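Please look over the structure shown here before reading the notes. They are arranged by topic.

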Amino acid sequence: MKKFLGTLDWETFHRMDPFQKAPYFQGEDGRPYHVLVAQQFDRAALEALGHLATTVRRMAKTEKGMDFLAGLLRHKRAMLYFTQPSSRTFLSFTAACQILGMPVGEVRDTAVSSEFKGESKEDSVRTFSSYYDLIIMREKDGGLAERMAWVFARTDRPVPVVNAGSGKDQHPTQALLDIYTLQRSFETRGGIDGKVILFVGDLLRGRTVRSLSWLLTHYRNVHQIFAAPPELQLASDVQEALKKAGASYELTDDFETHIPEADAIYMTRVQDEWDLPGERRTFDNRKYGFRVEHLSVLKSDAVLMHPFPRRQEIAVEVDADPRAVYWRQMRNGMWIRVALIATIFGKDHDILESGLIS
Ligand code: NCD
């Protein structure tokens with residue numbers, strides 16, 4: 001049920017957990033309006049988005065289909081405010097906007113904006129928002145996207161905000177593309193229900209794992225295994241949420257022995273950009289890396305995923321194996337973002353009812 005963000009003072013809103021916040025991000029009709037936390041998506045929403053993404057990708061195979069898509073949001077403009085390093089997610093969103101005919105503007109470097117002159121981030125984003133109809137944000141400091149949604153709710157231009165990665169906290173659209181990849185991978189095997197998902201690497205500071213592990217609780221009998229050295233193991237707030245949801249999960253520091261039982265393995269890199277001065281938290285790729293010899297113990301129909309960028313945690317020789325789906329996973333990201341943006345602007349029905357699928 002929708003709640004109005006404009007009625008809350010910042011402190012009250014800021015202190016809420018993602019579950020309490022989620023209803024404030026929904027639109028009138030149950031569609032997402034802002035996309036800020038994974039907790040705002042239930043299973044029905046995940047299925048609807050996946051179906052829409054597949055419809056779009058089929059439609060995009062013909063010139064007529066592409067023309068139709070490019071006409072849907074020609075009258076809207078998007079701003080990408082990406083002040084944290086990104087090219088993959090940045091271009092994925094850019095391409096998604098382009099597919100929908102939406103012109104985009106960008107801010108990549110605050111050194112060339114008035115933030116350099118001491119302007120607050122809040123004032124800069126609010127200024128830029130006055131030229132655009134959708135703000136897509138990636139920021140090193142968690143919480144700015146939520147703050148902006150809260151600020152906009154107090155103005156006469158409450159434009160939607162999409163979180164494209166906030167600090168160490170959330171990456172909801174990556175989780176959507178990961179779920180879409182799992183949906184497609186298990187399409188002929190009873191879907192995601194009943195599957196074993198093995199997460200590996202820096203699970204403490206990787207925001208993609210924090211968002212995805214929650215979405216997996218919407219599926220029946222899923223077992224999640226988190227393999228990491230103890231100092232990089234899944235944070236306690238995520239574990240609490242999993243417990244509360246009655247999700248089945250286990251923690252281990254032993255990756256290799258769990259490979260044969262996994263239906264999907266989700267590798268991650270060390271997130272050492274978050275090391276404090278003088279700190280060096282890392283893991284050994286010999287212990288938490290996927291090597292060619294692991295292919296022989298991996299189930300024949302399992303999938304190997306990675307949000308990328310990778311360091312050495314997956315050997316490049318593994319790329320040729322059909323179970324390595326990380327390149328497909330990226331392309332899925334573009335399609336799910338098309339589906340998401342179309343849904344935010346209420347164009348989902350136009351796509352589903354166009355009759356243009358090849
Ligand atoms: C991830 C991120 O930025 O959190 N990358 C991405 O969006 N695909 C993962 C990472 O940087 O390790």
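The notes below cover two covered helices, two buried loop residues, the salt bridges and a charged surface patch.

The model is predicted: local features need pLDDT of at least 70, side-chain atom pairs count only at pLDDT 80 or more, and totals for chains, interfaces and linings use all residues. Residues are numbered from 1 along each chain as its sequence is written, and side-chain values use heavy atoms, with hydrogens and water left out.

**Covered helices**

- Helices (H or I, at least four residues) and strands (E, at least two) are DSSP runs, numbered from the N terminus.
- Buried means under 20% relative accessible area, exposed means over 50%, and partly exposed lies in between, with a 1.4 Å probe and protein chains only.
- Helix α9, residues 207–215, is mostly covered, with nine of its nine residues buried.
- Among the buried residues of α9 are Arg-207, Arg-210 and Trp-214.
- Helix α7, residues 144–152, is largely enclosed by the rest of the structure because eight of its nine residues are buried.
- The buried residues of α7 include Glu-146, Met-148 and Trp-150.
- These buried residues of α7 pack against α1, α2, β1, α6, β3 and β4, where contact means heavy atoms within 4.5 Å.

**Two buried loop residues**

- Val-318 lies in the loop between β9 and α12, and counts as buried at 0% relative accessibility.
- Not counting residues up to four places away in sequence, Val-318 touches Phe-290, Arg-291, Val-292, Leu-295, Leu-304, Ala-324 and Tyr-326.
- Val-318 and Arg-291 are 27 residues apart along the chain, and their C-alpha atoms are separated by 7.0 Å.
- Val-35 is in the loop between α2 and α3, and its relative accessibility of 0% makes Val-35 buried.
- Leaving out residues up to four places away in sequence, the contacts of Val-35 include Phe-41, Val-161, Pro-172 and Leu-340.
- Val-35 and Gln-174 are 139 residues apart in sequence and 12 Å apart in space, C-alpha to C-alpha.

**Salt bridges**

- A salt bridge is a side-chain nitrogen of Lys or Arg within 4 Å of a carboxyl oxygen of Asp or Glu, and a search of the whole structure finds 25 salt bridges.
- Asp-193 forms one with Arg-43, with the closest N and O atoms 3.0 Å apart.
- Asp-193 lies in the loop between α8 and β5 and Arg-43 in helix α3, so the pair ties together parts that are 150 residues apart in sequence.
- Asp-193 is buried, at 18% relative accessible area, whereas Arg-43 is partly exposed at 22%.
- Glu-139 forms a salt bridge with Lys-121, and the closest N and O atoms are 3.5 Å apart.
- Glu-139 is in strand β3 and Lys-121 in helix α6, so this pair ties together parts that are 18 residues apart in sequence.
- Glu-139 is buried at 4% relative accessibility, while Lys-121 is partly exposed at 27%.
- Arg-310 and Asp-319 meet through their side chains in a salt bridge of 2.7 Å, N to O.
- Salt bridges that share partners join Arg-43, Glu-47, Asp-193 and Arg-220 into one network.

**Positive surface patch**

- Arg-58, Lys-61, Arg-184, Arg-328 and Arg-331 form a positive surface patch.
- Patches are made of residues with over 30% relative accessible area and no salt bridge, with like charges joined within 9 Å and nonpolar side chains (Val, Leu, Ile, Met, Phe, Trp, Tyr) within 5 Å.
- Lys and Arg count as positive.
- Arg-331 is placed in helix α12, residues 326–344, and is partly exposed at 49% relative accessibility.

Note on methods
Areas by Shrake-Rupley, 256 points an atom, 1.4 Å probe, with all protein chains shown as cover. Charge placed at Lys NZ, Arg CZ, Asp CG, Glu CD.
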